Amino acid sequence: MFGISREHFDEVDSTNARAKALALAGAPHGSAVTADFQSAGRGREDRSWQSGRAANLLVSFLVYPERPMEEWGGLSLLAGIAVHELLRESFTVAADLKWPNDVLVSGRKIAGVLIETGQIDGRAWAVIGVGVNVNQTNFDGDYLLPPTSLALECGRDADRQEVFSALCGQLDIWYARWRERGTASIATAWRARSGMLGRKAVVRDGDARLEVLAVDIAPDGALLVEDADGTRRLLYAGDVFPSERAHD
Ligand code: BTN
């Protein structure tokens, strides 16, 4: 059960780092670490994750995935779906998924997911780190995508505890689906919640930019893209942006 136990910090380096420490201590599947503030919050691709103090949901869950490692791409997809569903069901906010795990509302990023994995004594673990912008309304600094929050979308503050509980409930549902039916099933659910497929996109790899068509999500969670010359390939990591935002 997600949130079976919860450790909360007023301030911590990164909840993902704390959840990793829990793995080394053999904590149970679904253990959660939350914080009001992270001094070294981590984002994907070695970026940092900035969040105002006591404004947002910063949470990491420890899991011991039962499926083979080739399927672990499904973890980031299912976490994105869980956030998408909590926004819709609990706050009537319509979101859209951007591969691999950004959650957007009208092109603005409301949540991100960072998966970290490892092994201890032959037992594989993964940490599902989720940052949801809840009550922050001022965002200073540089963002790859313009940010938004639940408060901005709903016009009123939201209860971070309610967001946490709703996320745990959704993760219970979507993780169970992944465990029982695998990544192909999660990819199908992800496809239905993404507006990026069938559209032009830009793949950013360091300073290089490549215009592609985002064709589909493969059964293993990779993004299938097609270059201008018709060459198709699968992406397993990196950043992909809607074409019109790519040169910001
Ligand atoms: C991204 O979009 O780049 C992923 C952001 C993930 C941020 C969350 S906040 C809670 C957890 N702890 C971290 O250090 N990162 C994740």
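Trainee: Which atom of the ligand does the polar side-chain atom of Thr15 lie 3.0 Å from?

Mentor: A nitrogen atom of the ligand. I'd call that a polar contact, meaning a pair of N or O atoms within 3.5 Å; within protein, one must be able to donate a hydrogen and the other to accept it, and residues adjacent in sequence count only if both atoms are side-chain atoms. Keep in mind that this is a predicted model: local features need pLDDT of at least 70, side-chain atom pairs count only at pLDDT 80 or more, and totals for chains, interfaces and linings use all residues. Side-chain values use heavy atoms, with hydrogens and water left out, and residues are numbered from 1 along each chain as its sequence is written.

Trainee: OK, and what do Gln38 and Lys109 do there?

Mentor: Gln38 has a polar side-chain atom 2.9 Å from a nitrogen atom of the ligand. For Lys109 the partner is an oxygen atom of the ligand, at 2.6 Å.

Trainee: How much of the ligand does the protein bury?

Mentor: 99% of the 420 Å² that the ligand exposes when taken alone. Those areas come from the Shrake-Rupley method with a 1.4 Å probe; for residues, only the protein chains shown count as cover.

Trainee: Which residues come nearest to the ligand?

Mentor: Ser14, Gln38, Arg42, Arg44 and Lys109, out of 20 residues around the ligand. A residue makes that shell if one of its heavy atoms lies within 4 Å of the molecule.

Trainee: What's the class split of the shell?

Mentor: Six nonpolar, 10 polar and four charged. Here Ala, Val, Leu, Ile, Met, Phe, Trp, Tyr, Cys and Pro are nonpolar, Asp, Glu, Lys and Arg are charged, and the others, Gly among them, are polar.

Trainee: Which element gives the largest share of the shell?

Mentor: Strand 6, with four residues. Helices (H or I, at least four residues) and strands (E, at least two) are DSSP runs, numbered from the N terminus.

Trainee: Switching to pockets. Where does the ligand sit?

Mentor: In the largest pocket, which has a volume of about 570 Å³. A pocket, on a 1 Å grid over the protein atoms alone, is an open set of points where a 1.4 Å probe fits, with protein on both sides within 12 Å along at least five of seven lines; lining residues have an atom within 4 Å of a point. "Sits in" means more than half of the ligand's atoms lie within 2 Å of the grid points. Grid points are joined across faces, edges and corners, and the volume is the space filled by probe spheres set on them.

Trainee: What's the class split of its lining?

Mentor: 12 nonpolar, 15 polar and nine charged residues. Strand 6 gives the largest share here too, four residues.

Trainee: And how big is the second largest pocket?

Mentor: About 400 Å³. Of its 21 lining residues, Gly73, Ser76, Pro100, Ile115 and Tyr236 are closest to the centre.

Trainee: What about the peptide bond from Trp99 to Pro100?

Mentor: That bond is cis, with omega near 0°. Pro100 is in the loop between strand 4 (96-98) and strand 5 (102-105). Most peptide bonds are trans.
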